[in-house]
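Colleague: Before we discuss the contacts, could you put the model on the screen, so that I can put my questions to you one at a time?

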Number of protein chains: 4
Amino acid sequence: MSVEQRGRPRSEKSRVAVLEATAGLMVDCGYEDLTIEGIAAAAGVGKQTIYRWWGSKAGVVVEALAEGYLQMPLTAPADSGDLRGDLRGWLLELKGEIEAPEVSRLVQAIMSALTSAGETSSAIHESLIQPIMDGLDARFGAHDRAHPGQLTAPPQFLAETVGASLLLHVMFARPLTVEWIDQLLDLVVPGSP
Amino acid sequence: MSVEQRGRPRSEKSRVAVLEATAGLMVDCGYEDLTIEGIAAAAGVGKQTIYRWWGSKAGVVVEALAEGYLQMPLTAPADSGDLRGDLRGWLLELKGEIEAPEVSRLVQAIMSALTSAGETSSAIHESLIQPIMDGLDARFGAHDRAHPGQLTAPPQFLAETVGASLLLHVMFARPLTVEWIDQLLDLVVPGSP
Amino acid sequence: MSVEQRGRPRSEKSRVAVLEATAGLMVDCGYEDLTIEGIAAAAGVGKQTIYRWWGSKAGVVVEALAEGYLQMPLTAPADSGDLRGDLRGWLLELKGEIEAPEVSRLVQAIMSALTSAGETSSAIHESLIQPIMDGLDARFGAHDRAHPGQLTAPPQFLAETVGASLLLHVMFARPLTVEWIDQLLDLVVPGSP
Amino acid sequence: MSVEQRGRPRSEKSRVAVLEATAGLMVDCGYEDLTIEGIAAAAGVGKQTIYRWWGSKAGVVVEALAEGYLQMPLTAPADSGDLRGDLRGWLLELKGEIEAPEVSRLVQAIMSALTSAGETSSAIHESLIQPIMDGLDARFGAHDRAHPGQLTAPPQFLAETVGASLLLHVMFARPLTVEWIDQLLDLVVPGSP
DNA sequence: GACTAAACGAGACGGTACGTCGCGTCTTTCA
DNA sequence: TGAAAGACGCGACGTACCGTCTCGTTTAGTC
């Protein structure tokens with residue numbers, strides 16, 4: 001007994017071309033100026049192929065995000081045992097990256113896609129925001145397991161707080177100052193020297 | 001010596017009609033589906049009048065926000081002397097409001113306008129996000145002046161942290177749970193009973 | 001010794017289904033709105049089958065005409081010995097038929113196919129116009145053989161003249177009046193009582 | 001008391017550009033391959049402008065015909081007093097013209113437009129076929145007034161007959177032979193030397 | 001009070017992108 | 001190997017808005 005599979009199968013080549021083109025155009029144009037027609041042209045694909053499989057601009061971006069063709073350029077914090085030091089290093093690295101205009105533009109484009117998406121919003125949230133949160137959460141969690149009782153709140157909650165503060169800064173292109181970073185660290189990792 | 005003022009003066013009636021129409025359409029359609037043509041039609045105004053005075057969709061929305069035709073339905077926290085209690089009450093009230101779908105839709109529309117706006121972003125930021133921050137900031141500041149040294153961080157920073165966490169929840173339509181509220185309070189007003 | 005006949009033979013069922021579907025759609029939609037995809041769907045046939053055997057919309061219509069699935073609803077004139085009377089009867093019968101809207105629509109669809117076809121035009125012409133001309137020609141010819149020297153022009157030429165006048169009236173949906181018929185008869189069969 | 005005239009008035013320049021472009025493209029491409037998009041591009045005009053004022057391909061062609069931007073390249077027969085001679089000269093001239101491929105193509109394109117147009121058919125008929133008929137009719141009529149009782153049928157009817165025979169030949173790209181011309185003349189101007 | 005000049009409503013303009021339809025080709029599986 | 005199914009790149013469809021441009025019509029000063 002086999003699953004019926006009639007007609008020409010979906011072209012993996014086209015699928016990848018669309019996602020790659022989308023990623024490229026998000027960087028170049030942002031989300032608002034991204035057009036289905038532009039994606040189709042850049043991917044060398046018919047518009048119908050996009051509408052057949054994704055149905056909307058948001059849909060394509062969601063999948064490009066989910067499959068990692070388009071990535072919030074954020075890594076996970078290191079784990080040297082020193083939680084505050086690790087977070088500080090991570091935030092300072094971020095500070096540098098975010099000041100680069102192309103990164104900032106991409107992040108804004110992604111956030112724009114996120115808020116515009118409406119119902120698919122939570123899907124995108126999971127594929128984009130979650131990874132950042134996860135990286136932070138893992139770091140906080142590792143600390144919590146090594147030094148139980150030291151954290152002032154559950155690891156996930158702290159991760160969320162740091163992530164939220166961070167994203168809002170990035171969204172509105174406000175600079176990440178060293179003072180701000182230290183205040184944030186004081187709040188979430190209070191006892192540290 | 002007076003400034004020359006020749007020709008027909010700007011029509012206040014049209015100005016108001018545009019801003020009111022914009023506010024109404026933001027609620028009904030969201031930001032992406034808002035069109036200049038739609039605003040003009042709804043306001044009974046020529047398109048040129050809009051382009052003459054505002055120049056872009058974002059511009060109209062900015063002014064509608066700034067003039068309060070379109071409001072993030074957020075009030076300032078009360079000040080009963082009990083900081084934690086006041087914030088808790090404020091957050092619980094918010095929780096109720098945000099769960100109403102029309103409020104949630106409006107907030108998303110506004111956030112969408114914010115992120116999409118690009119260069120005007122900071123202008124909008126100031127007219128929308130700032131008020132929320134200001135309300136919180138004032139409450140934290142009042143406490144700080146009454147009980148210096150009790151807060152773990154500068155009032156403005158705490159306001160920002162709470163605001164950021166809050167907005168991200170609203171943006172992605174995640175429910176505000178009571179547990180989450182209490183964790184947040186533990187973080188920013190640690191010593192409170 | 002026989003011609004090699006390898007692989008699955010052409011499906012007569014599909015061939016007939018296509019031609020029948022084409023005939024039906026010509027009546028319903030006319031020639032311009034007739035589509036290969038529509039024919040394929042209506043016939044329950046793959047598009048490729050049509051392209052394999054006919055290659056174009058015009059091709060299918062030609063064959064449908066040639067095989068009589070789609071017929072200019074015109075019969076040949078009777079032959080009672082009285083040429084003028086026979087032609088008159090035939091034209092009056094036509095008059096009745098042509099006033100029916102579905103007949104008129106079909107005739108227009110066919111004429112549209114004819115003029116649009118371009119190079120294949122003469123092929124279609126032969127399969128459609130010729131039969132009408134042939135019917136007339138036969139009738140004129142029979143008279144000419146029975147009464148040599150009575151006709152004012154060669155039978156084929158007279159047939160052509162009558163046919164042309166007729167078709168132009170049908171093409172532009174002008175009514176066939178009795179006066180017009182009699183004038184035409186006076187012209188081509190002058191001596192008749 | 002004045003007729004209201006609100007908004008920007010229709011651009012005569014655009015109207016003419018569209019009709020001229022249409023005429024040019026009809027010659028180059030024929031009717032079937034004529035596209036609204038092509039006309040708009042060639043005329044340097046937005047598609048919407050065409051849809052606003054004409055609504056369909058057929059509509060534009062009708063007006064181009066009616067306004068003479070696109071003309072069946074047929075002149076009226078001369079009037080030297082010799083009806084048969086004049087008609088013969090006219091038909092021979094036609095024969096020459098029609099054999100030119102670009103003329104033949106244009107005529108086919110126009111006929112194609114005519115038959116495809118459906119309901120507007122009679123409008124087109126009047127603006128295209130009628131002029132030819134009128135030219136012939138005038139010539140027959142002049143003769144009839146000069147020599148009453150010589151013609152075998154009313155002038156208009158004779159004009160129609162000649163016109164119909166002619167058009168059908170042109171439609172199907174059949175050559176106009178001298179023999180055919182003389183037979184036709186024998187039929188409609190029988191008594192002539 | 002006539003004149004001037006800017007703002008107004010209306011709406012047509014050249015465009016861009018939309019989402020759909022049909023083309024003719026291709027690549028599968030099934031008979 | 002023919003046929004159905006159906007995805008593919010492509011191009012045109014007719015529509016919606018964009019931002020700009022006339023129009024005729026207010027509605028204030030200024031002469």
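Colleague: How far does a backbone N or O atom of Gly7(A) lie from a base nitrogen of DNA strand F?

Modeller: Please keep in mind that this is a predicted model. The atom of Gly7(A) in question belongs to the backbone, and its partner on DNA strand F is a base nitrogen. The separation between the two is 3.4 Å.

Colleague: Which residue has a side-chain N or O atom 2.3 Å from a base nitrogen of DNA strand F?

Modeller: For Arg52(A), the side-chain N or O atom is 3.0 Å from a phosphate oxygen of DNA strand F, so to speak a backbone partner of the strand. The residue whose side chain is placed 2.3 Å from a base nitrogen is Gln48(B).Colleague: What percentage of the atoms of DNA strand F within 4 Å of the protein belong to sugar or phosphate?

Modeller: The protein surface near this strand divides into 11 nonpolar, 18 polar and 14 charged residues. On the side of DNA strand F, the atoms within 4 Å of the protein belong either to bases or to sugar or phosphate, and the share of sugar or phosphate is 66%.

Colleague: Turning to the protein chains, which element gives the largest share of the side of chain C that touches chain D?

Modeller: Chain C has 32 residues in contact with 32 residues of chain D, and the two chains bury about 2800 Å² between them. Between these chains the count is zero salt bridges, while four residue pairs are in polar contact. Among the elements of chain C that give two or more residues to this side are helix 6 (101-116) and helix 9 (178-188), but the largest share, 10 residues, comes from helix 8.

How values were computed:
Residues numbered from 1 in each chain as written. Chains lettered and ligands numbered in written order. Predicted model: local features only at pLDDT ≥ 70, side-chain atom pairs only at ≥ 80, totals over all residues. Heavy atoms only, no water. Contact = heavy atoms within 4.5 Å. Buried area = accessible area lost by both parts, 1.4 Å probe. Salt bridge = Lys/Arg side-chain N within 4 Å of Asp/Glu carboxyl O. Polar contact = N/O pair within 3.5 Å; in protein donor to acceptor, adjacent residues only side chain to side chain. Helix = DSSP H or I, 4+ residues; strand = E, 2+ residues; numbered from the N terminus. Near = heavy atom within 4 Å. Nonpolar A, V, L, I, M, F, W, Y, C, P; charged D, E, K, R; others polar.
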